[in-house]
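The following exercises concern the structure shown below. Each task is followed by a solution that proceeds step by step.

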Amino acid sequence: MADTADTRTPAEIEADIRRRREVLAETLDEIGVRVHPKTLVGDAKAKVASNIDHTLGRAYVQVNRVVSDVRAQFVDTEGAPRLERIVPVALVAVGVVGLLTLSSRRRRG
C-alpha cells in the first residue's frame, strides 16, 4: 500500500493554497472577459470582417484573372494590340449600339 502521508509543513500547504487561489482568480477573470457581451460582439465582428476580407480577396483574384485573360485575347506578348481581334469586336459593338439607337427612335416615333 502506498504511503499517503503529506510531508509538507502547514506553511507550505498554505503557500500552495494561496498560489492555487491566485491561479484560479486569474482563470475566472479570463473567463469573465471571454464571456462578456462586448467581447462576444467584438469577436463576432472580427470573424465577419475576416470572412468579408477573405471573400473580397477571392473576388479580386478572380476579377484580376478574368481581366488578364481578356487582355491576353486583345494584346500580344509584347503589349501590341491584336488588330485581327480588336476590329471585329469593335464592329460588333458599333453594330449593337446602332441597333439600339434605331430601335429607341422607332419607339419614340
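**Exercise 1. Determine how many helices and strands the chain contains, and state the pattern they follow.**

Solution. The model is a predicted one. Step 1: the secondary structure of the chain amounts to 3 helices and 0 strands. Step 2: reading along the sequence gives the pattern α-α-α. Step 3: helix α1 covers residues 10-34.

**Exercise 2. Compare the radius of gyration of the chain with that of a compact globule of 109 residues.**

Solution. Step 1: for a compact globule of 109 residues, a radius of gyration near 13 Å would apply. Step 2: the chain has 36 Å instead. Step 3: the extent of the C-alpha trace along the principal axes is about 105 × 45 × 30 Å. Step 4: a single pair of residues adds a distance within the model. Ile17 and Phe74 lie 57 residues apart along the chain, and their C-alpha atoms are separated by 77 Å. Ile17 itself belongs to helix α1.

**Exercise 3. Describe the surface of the chain: what percentage of the residues is buried, and what share of the exposed area comes from carbon and sulfur atoms?**

Solution. Step 1: of the 109 residues in the chain, 2% are buried. Step 2: the chain exposes about 10,100 Å², and carbon and sulfur atoms supply 62% of this area. Step 3: one nonpolar patch on the surface is formed by Leu24, Leu28, Ile31 and Val35, which together have about 380 Å² of accessible area. Leu28, a member of this patch, is located in helix α1.

**Exercise 4. Find how many salt bridges the whole structure holds, and identify the residues that shared partners join into one network.**

Solution. Step 1: a search of the whole structure yields 3 salt bridges. Step 2: consider Arg34 and Glu30, whose side chains meet in a salt bridge at 2.5 Å, N to O. These residues are 4 apart in helix α1 and are therefore separated by about one helical turn. Arg34 counts as exposed at 54% relative accessibility, whereas Glu30 is partly exposed, with a relative accessible area of 42%. Step 3: shared partners in salt bridges join Arg8, Asp16 and Arg19 into one network.

**Exercise 5. Examine the two salt bridges of Asp16, and decide whether Asp16 is buried or exposed.**

Solution. Step 1: the side chain of Asp16 meets that of Arg8 in a salt bridge of 2.2 Å, N to O. Step 2: the side chain of Asp16 also meets that of Arg19, at 2.1 Å, N to O. Asp16 and Arg19 are 3 residues apart in helix α1, so about one helical turn separates them. Step 3: a residue is classed as buried when its relative accessible area is under 20%. Asp16 has a relative accessible area of 18% and is therefore buried. Step 4: its two partners are classed otherwise. Arg8 is partly exposed at 36%, and Arg19 is partly exposed at 48%.

**Exercise 6. State how far apart the mean positions of the positive and negative charges of the chain are.**

Solution. Step 1: the chain carries 18 positive and 15 negative charges. Step 2: the mean positions of these two sets are 20 Å apart.

Notes:
Residues numbered from 1 in each chain as written. Predicted model: local features only at pLDDT ≥ 70, side-chain atom pairs only at ≥ 80, totals over all residues. Heavy atoms only, no water. Patch = residues over 30% accessible without salt bridge, like charges linked within 9 Å, V, L, I, M, F, W, Y side chains within 5 Å. Areas by Shrake-Rupley, 256 points an atom, 1.4 Å probe, with all protein chains shown as cover. Salt bridge = Lys/Arg side-chain N within 4 Å of Asp/Glu carboxyl O. Helix = DSSP H or I, 4+ residues; strand = E, 2+ residues; numbered from the N terminus. Rg over C-alpha atoms; globule rule 2.2 N^0.38 Å. Buried < 20%, exposed > 50% of the residue type's maximum accessible area, 1.4 Å probe, protein only. Lys, Arg positive; Asp, Glu negative; His and termini not counted. Charge placed at Lys NZ, Arg CZ, Asp CG, Glu CD.
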